[in-house]
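Let's take a walk through this model together, one region at a time. Keep the sequence and the 3D view side by side as you read.

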Amino acid sequence: SSVFPWLYYATDNSKIIGFISIYIIDTYNVEICGFVLPKYRRNKIGTNLFSMMVMDFHSKSFQLSMDVENEIGKTFVSQMGFVYASTECNMQLDKNNYTEFKETLSLTPQKQDGEIIITGIINDKEIGQSIISVFDTTVCIHDVEIYEQYREKGYGYRLIGTLLNHIFEKYNLAILHVTKENTPAYRLYKKIGFVTVQELEYYEI
C-alpha cells in the first residue's frame, strides 16, 4: 500500500478546497472518500483528482456505490467512464408485520465464527442453508442458498419462512441485502413481507 499516495488534494492560495482520500483495505479493496467545497464545484476539481487517482491505480478495477436519488453522483461517475452494474436493496421485516409461516421443514443450526449456519432439512435431506448474524434485537440473514437439485420447487420460501418463525420467537427485526437483478430472490423476499428501506446503485470501471 505504500506505493500509492493516500491523499489527493487541490488548493487555492494554500487553502485545501477539495480532496480524495484512500484507505487501502486489502489487495483487492480500497475505500474512497472525496469532497469539494461548494464554492469550487463545477470546476472539474473532483474530476481531475479522481482521474489522477485512477491513473495511479490503473491496474485496478473500481466499483462505487451511491444512493439511487444521488443524481449529481450518477452524472459524475458517468463522466468518469463508470457503467451501471447492479442495485443492492437493503430490506427488512418487522416482527409485528409478519404472518407466521406453517412449517414444513426442520432446521439445524451450527455456530461458526460468531455466526450461525442454518441448514434446512426435508425428509432427512439437506435442501439448502442460510447464515444469520445477531445484533441485539435484530437478525441479519445472508448467504441464502438452495442446493441446485432443489431449486424452483418452493424450498426457498419454505426455508426463509421457517427461519423467520424461529427468529421472531426472540428478536424483533430481520434484515437482509439482495441484488435487485436477482429477480427470484428479490420477489421471494417481497412475497414474504420484506420491504426495501434503501437502494444503492453500483457502478464499475
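In the hairpin of strand 6 and strand 7, which residue takes a positive phi? The residue to look for is Asp 113, with phi near 50°, in a hairpin that has two residues between the strands. Please keep in mind throughout that this is a predicted model.

Let's stay with Asp 113 for a moment. Asp 113 is not a glycine, yet its phi is positive. You can find Asp 113 in the loop between strand 6 and strand 7. Is Asp 113 buried or exposed? With a relative accessibility of 75%, Asp 113 counts as exposed, because the cut-off for that class is over 50%.

Now follow the two strands on either side of this loop. Strand 6 covers residues 106-112 and strand 7 covers residues 115-122; the two run antiparallel and are joined by seven bridges. To see one pair across this ladder, look for Leu 107, which stands opposite Gly 120 in strand 7.

Strand 7 has another partner to visit. Over seven bridges, strand 7 pairs in the antiparallel sense with strand 8, residues 125-135. Here Ile 117 stands opposite Ile 131 in strand 8. The hairpin of strand 7 and strand 8 has two residues between the strands, and in this hairpin Asn 123 takes a positive phi near 50°. Asp 124 also has a positive phi, about 65°, although it is not a glycine. Asp 124 is placed in the loop between strand 7 and strand 8, and its relative accessibility of 76% makes Asp 124 count as exposed.

From that exposed loop, move along strand 8 to Ser 133. Ser 133 is buried, with a relative accessible area of 8%. What does the side chain of Ser 133 make a polar contact with? The contact is with the side chain of Glu 115, at 3.2 Å.

Next, turn back towards the start of the chain, where another set of strands awaits. Strand 1 (residues 7-12) and strand 2 pair over six bridges in the antiparallel sense. Asp 12 stands opposite Lys 15 in strand 2. Two residues lie between the strands in the hairpin of strand 1 and strand 2, and there Asn 13 takes a positive phi near 55°.

Strand 2 also runs antiparallel to strand 3, with seven bridges joining them. One of these pairings can be picked out at Ser 21, whose bridge partner in strand 3 is Cys 33. This time the hairpin joins strand 2 to strand 3 through five residues.

Beyond strand 3, in the loop between strand 3 and helix 1, you will meet Arg 41. Arg 41 counts as partly exposed, at 41% relative accessibility. Arg 41 and Ile 17 are 24 residues apart in sequence, while their C-alpha atoms are 9.4 Å apart in space.

With these elements in mind, we can look at the open spaces in the model. The largest pocket holds about 1500 Å³ of space. Its lining has 44 residues, and the closest to the centre are Gly 34, Phe 50, Leu 64, Phe 76 and Val 77. Strand 2, strand 3, helix 1, strand 4 and helix 2 each supply at least two residues of this lining. Which element gives the largest share? That is strand 3, with seven residues. By class, the lining of the largest pocket divides into 24 nonpolar, 14 polar and six charged residues.

The second largest pocket has a volume of about 520 Å³. Among the 24 residues that line this pocket, Val 144, Ile 146, Pro 184, Ala 185 and Leu 188 are the closest to its centre. Strand 9 (138-146), helix 3, strand 10 (173-179) and helix 4 (183-192) give two or more residues each to the lining. Strand 9 contributes the largest share, six residues. The lining of the second largest pocket has 12 nonpolar, six polar and six charged residues.

Our last stop is helix 3, one of the elements in that lining. Helix 3 spans residues 155-167, and its 13 residues reach 18 Å from the first C-alpha to the last, close to the 18 Å expected. Because 10 of its 13 residues are buried, helix 3 is largely enclosed by the rest of the structure. Among the buried residues of helix 3 are Tyr 155, Leu 159, Asn 165 and Ile 167.

Methods:
Residues numbered from 1 in each chain as written. Predicted model: local features only at pLDDT ≥ 70, side-chain atom pairs only at ≥ 80, totals over all residues. Heavy atoms only, no water. Helix = DSSP H or I, 4+ residues; strand = E, 2+ residues; numbered from the N terminus. Expected span 1.5 Å × (residues − 1). Buried < 20%, exposed > 50% of the residue type's maximum accessible area, 1.4 Å probe, protein only. 1 Å grid on protein atoms, 1.4 Å probe; cavity = no way out; pocket = protein on both sides within 12 Å on 5 of 7 lines; lining within 4 Å. Points joined across faces, edges and corners; volume = space filled by probe spheres on them. Nonpolar A, V, L, I, M, F, W, Y, C, P; charged D, E, K, R; others polar. Pairing = 2+ DSSP bridges. Polar contact = N/O pair within 3.5 Å; in protein donor to acceptor, adjacent residues only side chain to side chain.
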